[in-house]
Amino acid sequence: MRYDVVVIGSGFGGSVAALRLVEKGYSVLVLEAGRRFADDELPATSWRLRRFLWAPWLRCFGIQRIDVLRPASRRAGGDKVLVLSGAGVGGGSLVYANTLYEPLPDFYTDPQWRGIADWQAELAPHYDQAKRMLGVATYPLTTAADRAMRAVADRMGAGSTFHPTPVGIHFGRPGETVDDPYFGGAGPPRTGCLHCGACMTGCRHGAKNSLVKNYLWLAERLGAEVRPLTTVVGVRPLASGYAVDTVRTGGRRRSVVEADQVVFAAGALGTVRLLFASSLNGLSARLGALVRTNSESILGATVPGRSRVDYSEGAAITSSFHPDARTHIEPVRYGRGSNSMGLLQSALVDGGPHRVRRLLATLARQPLTYLRALSVRDWSRRTVIALVMQSVDNSLTLAWRRGRLVSTPGHGAPNPTWVPAGNTAARLLAEEIGGVAGGSLSEAFDIPITAHILGGAAIGASPASGVVDPYQRVYGHPGLHVVDGAAVPANLGVNPSLTITALAERALSFWPNKGAADPRPEVGAPYAPIDRVWPDRPAVPPSAPGALK
């Protein structure tokens, strides 16, 4: 039960860590709270709650987590936030929308880390590697939702910014299975995309480039061990290395695993929660600071009653546009029959005083129209979701109170409870499809909703400014590392999966091969650029598209 490295979590950061470390000769154990799914075990629709929803206390071990962050107290202030994230072997890649953008320019120059390095230049080769590993391709079709969103972009004066989405999907011929096209035969066979819209309930057809098809697949075949349904509850320092305390997910059976080093990759909330809950002295006082919601708003438009157009056709996200330099809007869809997320929708009302009262007045003016529009019957076929993201500098701070995370006001502007450009786009979208503009029910109560929570253990130049150093090692604990969204220091303004992957690729590229000298400066020393360390036993042949370059 002793490993060189224990990785907590199997999402984008954890899967990268598992592969790159086993390639360098380390014994690696990946601990994942969720279950393992074969393709045909993923939920057919979002109504298959035991396979879709994550609620272990209800014996639901699905792929979609829903958490609510609560303020520390009314007096202390803080924000409520509704957070959507992933669960299962493969983490967020099981439930995410396959969307793999590089961030907006503000990300690279955010004050939190701009003085450390030229981050755009530092990350460029790792974005390239991540794209090839995740099989990024431009979405090749134009859907009904794309045509409506292009019209919205034109009406907002941003038509020139409209473009198809880079996605992690194997297209090929729909439904045709072929030998591994990415890793020179080292990967699994793949099946061409059916454009069925079911990406966010887990692709049952083998087209989605989830982590179990690339990083984790390759890591396990080189000897990494993945242990599902294992929840980490604490990490303790030993005389040499660390003890990782676990319980069986949904149960009480406890066990301990020892490791020389530990990689935290449990998602932003999971990693921050675990760092607070563990017996670790000397952590930076910045733990929990700079938590970002990606300044998101989830809006949309729904056709009341029956729709002549099926808006569920296509991949989950197929295009986007920028109404201004800091705002990004994408049309999003669920597959046919996946209507349960429609329970989170509401009529659209702008932010400001008396928001709930204005919501009720809006509903009262057209009760029959909204009754039909807000029904979840056939919701995915007649709805175009609009995901709005911004790269503005705002945050909240998480604290640890009585065994749970709570929020307090953070650095910068408050997290937005509505985005004016997004509301404008939703209303125009409703006009284009002959529908009714909608918002998230939580936002009507001034509770932001995000599918991309970030930060809380951010990269910083010193313990005074961050929790991890520029190599993503935890200040005060050289054997601990954070390689997931918790380390991301700024809002991206785009879907974050590619950036989390690229940051992890960069951090792991500096690890030495097992038994070799570590080229990184000591933890706490000033940052210095160093060369990448190439692994002794790469998993991918050098001629393959996904090879290390």
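In this tour, a residue counts as buried under 20% relative accessible area, as exposed over 50%, and as partly exposed in between. The structure on display is a predicted model.

**First stop: E220 and R36**

Select E220 in the viewer. At 27% relative accessibility, E220 falls between the two cut-offs and therefore counts as partly exposed. Next, add R36 to the selection. R36 and E220 form a salt bridge, and their closest N and O atoms are 3.1 Å apart. R36 lies in the loop between β2 (28-31) and α2 (49-52), whereas E220 belongs to helix α5, so the pair ties together parts that are 184 residues apart in sequence. R36, with 36% relative accessibility, also counts as partly exposed.

**Second stop: R2 and its two acidic partners**

Proceed to R2, and show the side chains of E258 and D260 with it. R2 and E258 meet in a salt bridge of 3.2 Å, N to O. This contact links distant parts of the chain, as R2 is in strand β1 (residues 2-8) and E258 is in strand β15 (residues 254-264), 256 residues apart. A salt bridge also joins R2 to D260, with the closest N and O atoms 2.6 Å apart. Here too distant parts of the chain are linked: D260 sits in strand β15 and R2 in strand β1, 258 residues apart.

Are these three side chains buried, exposed or partly exposed? R2 has a relative accessible area of 36% and is partly exposed. E258 is partly exposed at 34%, and D260 is partly exposed at 35%.

**Third stop: a network of salt bridges**

Now select D310, R336, D378 and R381 together. These four residues are linked in a network of salt bridges. For the model as a whole, the count comes to 25 salt bridges.

**Fourth stop: the sheet of five strands**

Colour the strands β21, β22, β5, β6 and β24. They make up an open sheet of five strands in the order β21-β22-β5-β6-β24, with mixed pairing. The edge strands are β21 (394-401) and β24 (449-450), each of which pairs on one side only. As background, the strands of a sheet pair through backbone hydrogen bonds, either parallel or antiparallel.

Within this sheet, zoom in on β5 and strand β6 (residues 81-86). The two strands run antiparallel and are joined by six bridges. To see a facing pair, select R65, which stands opposite S85 in β6.

**Fifth stop: a positive patch**

Stay with β5 and move to R70, which is found in this strand (residues 64-71). Which residues gather with R70 in a patch of positive charge on the surface? The patch consists of R70, K80, R401, R402 and R404. R70 itself counts as partly exposed, because its relative accessibility is 41%.

**Sixth stop: the sheet of seven strands**

Turn next to the open sheet of seven strands, whose order is β8-β17-β18-β20-β16-β23-β19 and whose pairing is antiparallel. Its edge strands, β8 (163-164) and β19 (345-347), each pair on one side only. At one end, three bridges join β19 to strand β23 (residues 436-440), and the two run antiparallel. Select S346 to find one of these contacts: its bridge partner in β23 is G439.

**Seventh stop: two loop residues with positive phi**

Two backbone positions merit individual selection. H195 has a positive phi of about 55 degrees, although this residue is not a glycine. H195 lies in the loop between β11 (190-191) and α5 (215-221). Its relative accessibility of 17% is under the 20% cut-off, so H195 counts as buried.

L290 is the other position; its phi is near 60 degrees, a positive value in a residue other than glycine. Look for L290 in the loop between α6 (267-277) and β16 (297-302). L290 counts as buried, because its relative accessibility is 5%.

**Final stop: A444 and I459**

Finally, select A444 in helix α10 (residues 441-444). A444 is buried, with a relative accessible area of 2%. Then draw a distance from the C-alpha atom of A444 to that of I459. These atoms are separated by 34 Å, and the two residues are 15 residues apart along the chain.

Note on methods: Residues numbered from 1 in each chain as written. Predicted model: local features only at pLDDT ≥ 70, side-chain atom pairs only at ≥ 80, totals over all residues. Heavy atoms only, no water. Patch = residues over 30% accessible without salt bridge, like charges linked within 9 Å, V, L, I, M, F, W, Y side chains within 5 Å. Areas by Shrake-Rupley, 256 points an atom, 1.4 Å probe, with all protein chains shown as cover. Lys, Arg positive; Asp, Glu negative; His and termini not counted. Charge placed at Lys NZ, Arg CZ, Asp CG, Glu CD. Helix = DSSP H or I, 4+ residues; strand = E, 2+ residues; numbered from the N terminus. Buried < 20%, exposed > 50% of the residue type's maximum accessible area, 1.4 Å probe, protein only. Pairing = 2+ DSSP bridges.
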